[in-house]
Amino acid sequence: MERSIQALRIDGARLWDSLMAMASIGATPAGGCNRQALTDEDKQGRDLFVRWCREIGCEIRVDRMGNIFARRAGTEAGIAPVITGSHLDTQPTGGKFDGVYGVLAGLEVLRTLEDKGIKTRAPLELVVWTNEEGARFSPAMIGSGVWAGEFTLEYAHSRADKSGKTIGEELARIGYLGELASEPGPVTAAFEAHIEQGPILEKQNETIGVVTGVQGIRWYDVTFRGKPCHAGPTPMADRRDPVQALAILCERLYSEVKAYSDDARMTCGDLRAEPGSRNTVPEKVVLALDLRHPKPDGLEHLHRTLYRLAEQVEEAAGVTIDVREEWHSPPVQFDESCVAAVSAAVERLGYSHRKMVSGAGHDSVYVSRVAPVSMIFVPCAGGLSHNEAEFAEPAHLEAGCNVLMHAMLDRAGIA
């Protein structure tokens, strides 16, 4: 039996076909996906996932945050499940693999075990987390965050998109406002497979990233308020222009972030000017800002730098600058036993690999607060993600799924 388990492999062609079937939902003309959280397209993706899981005999439960749990029973009562999963929602111009690979890799593991008649002592549970991306509703990872106790259900249900529709309303509209309490029970171990979303594995020609943790993230809404005036008659020297203040702050902050550390990250992801007229100096500009660093003291340094520079620019530019922190996800160190299970699976399967820290946030960040966790990365072309051109080689996706299966079996036990 042990030898047959050592030789066990998933069906790579079936995994690819499942990925392409899911990618057809919300497909964009440029070859990507627009399947944002709780849209009609998200509902279609969820419905397909649920159908696939029921076809192999999984029990389906949905909690009050719309998180979907598909359970394959274990043979021994009282053992906590080994869980895996990720998310099906995408960016507005997202790719075919971000998040969805982790879900469908988990599905392929369950399908393979069902095909081979292999039973596990612990139950196996496959999860789809709601609104991981944070593209439609802020903050990101809110489904797993509520489940892990980071956010209240009331707060999450109240979060609105740009049109004013809330998570609670949209969950009800698409039929995924479940009755199960969104809270964790005991978990033996949790694993998440994902494309790297960066260039390291590809550049080093390595197949698997054994993920030991996730860098810290802080999101801010930075509001610049000036004085609206006519674009023509008003001399440049007489203006209180919030856009000019924004340009100064961004230039200084970019310079300090680059000088501080190669590991530091700064992104200005969204800008909104009001009243939004071409020939009027705006009254207000709102910047959505993302700062990241793998170490707590590094992230704190970036945080203090932002506030310091905002005060300086506010005085120099004659505007008011309000910095409001929207979200703070501290750096995470994953569980040593789960990292070891992934490492052992990679060694057993003979794939080239390296240990690494994730540069992106994932649902595993919040899951790690209540359960032992690790992640598995596979390369993506050019390190490109959150982009319609996102691509991963079928052989790499298959390898990552094999590692996921053997790590899960390591922790769940063979009956």
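Cavity, core and pocket

Reader: How do the residues lining the largest cavity of this predicted model divide into nonpolar, polar and charged?
Author: Let's go through who is there: the lining includes Ile 83, Val 127, Trp 129 and Phe 191, along with Thr 84, Gly 85, Glu 192 and Asp 363. Gly counts as polar by the rule used here. The lining then splits into 7 nonpolar, 3 polar and 2 charged.

Reader: OK, and how much space lies in the largest cavity?
Author: With a floor of 30 Å³, the count comes to 1 cavity. β3 (82-86), β5 (189-195) and α12 (364-367) each put at least two residues into its lining. The space inside comes to about 80 Å³.

Reader: Which helix gives the most to the largest nonpolar core?
Author: That core has 99 residues, and Met 22, Phe 49, Tyr 101, Leu 104, Phe 191 and Leu 397 touch the most other members. Look at Tyr 101: leaving out residues up to four places away in sequence, its contacts include His 396, Leu 397, Gly 400 and Cys 401. Those four fall within residues 394-412, and the helix with that span gives 10 residues, the most to this core. It's α13.

Reader: How many of the residues lining the second largest pocket are charged?
Author: This pocket has a volume of about 210 Å³. Its lining has 15 residues, with Arg 61, Glu 125, Glu 183, Pro 184 and Gly 185 nearest the centre. Arg and Glu count as charged, and Pro as nonpolar. Across the whole lining, 10 are nonpolar and 1 is polar, while the charged ones number 4.

How values were computed:
Residues are numbered from 1 along each chain as its sequence is written. This is a predicted model: local features need pLDDT of at least 70, side-chain atom pairs count only at pLDDT 80 or more; totals for chains, interfaces and linings use all residues. Side-chain values use heavy atoms; hydrogens and water are left out. A nonpolar core is a set of buried Ala, Val, Leu, Ile, Met, Phe, Trp, Tyr and Cys residues joined through side-chain atoms within 4.5 Å. Buried means under 20% relative accessible area, exposed over 50%, partly exposed in between (1.4 Å probe, protein chains only). Contact means heavy atoms within 4.5 Å. On a 1 Å grid over the protein atoms alone, a cavity is a set of points where a 1.4 Å probe fits but cannot get out, and a pocket is an open set with protein on both sides within 12 Å along at least five of seven lines; lining residues have an atom within 4 Å of a point. Grid points are joined across faces, edges and corners, and a volume is the space filled by probe spheres set on the points.
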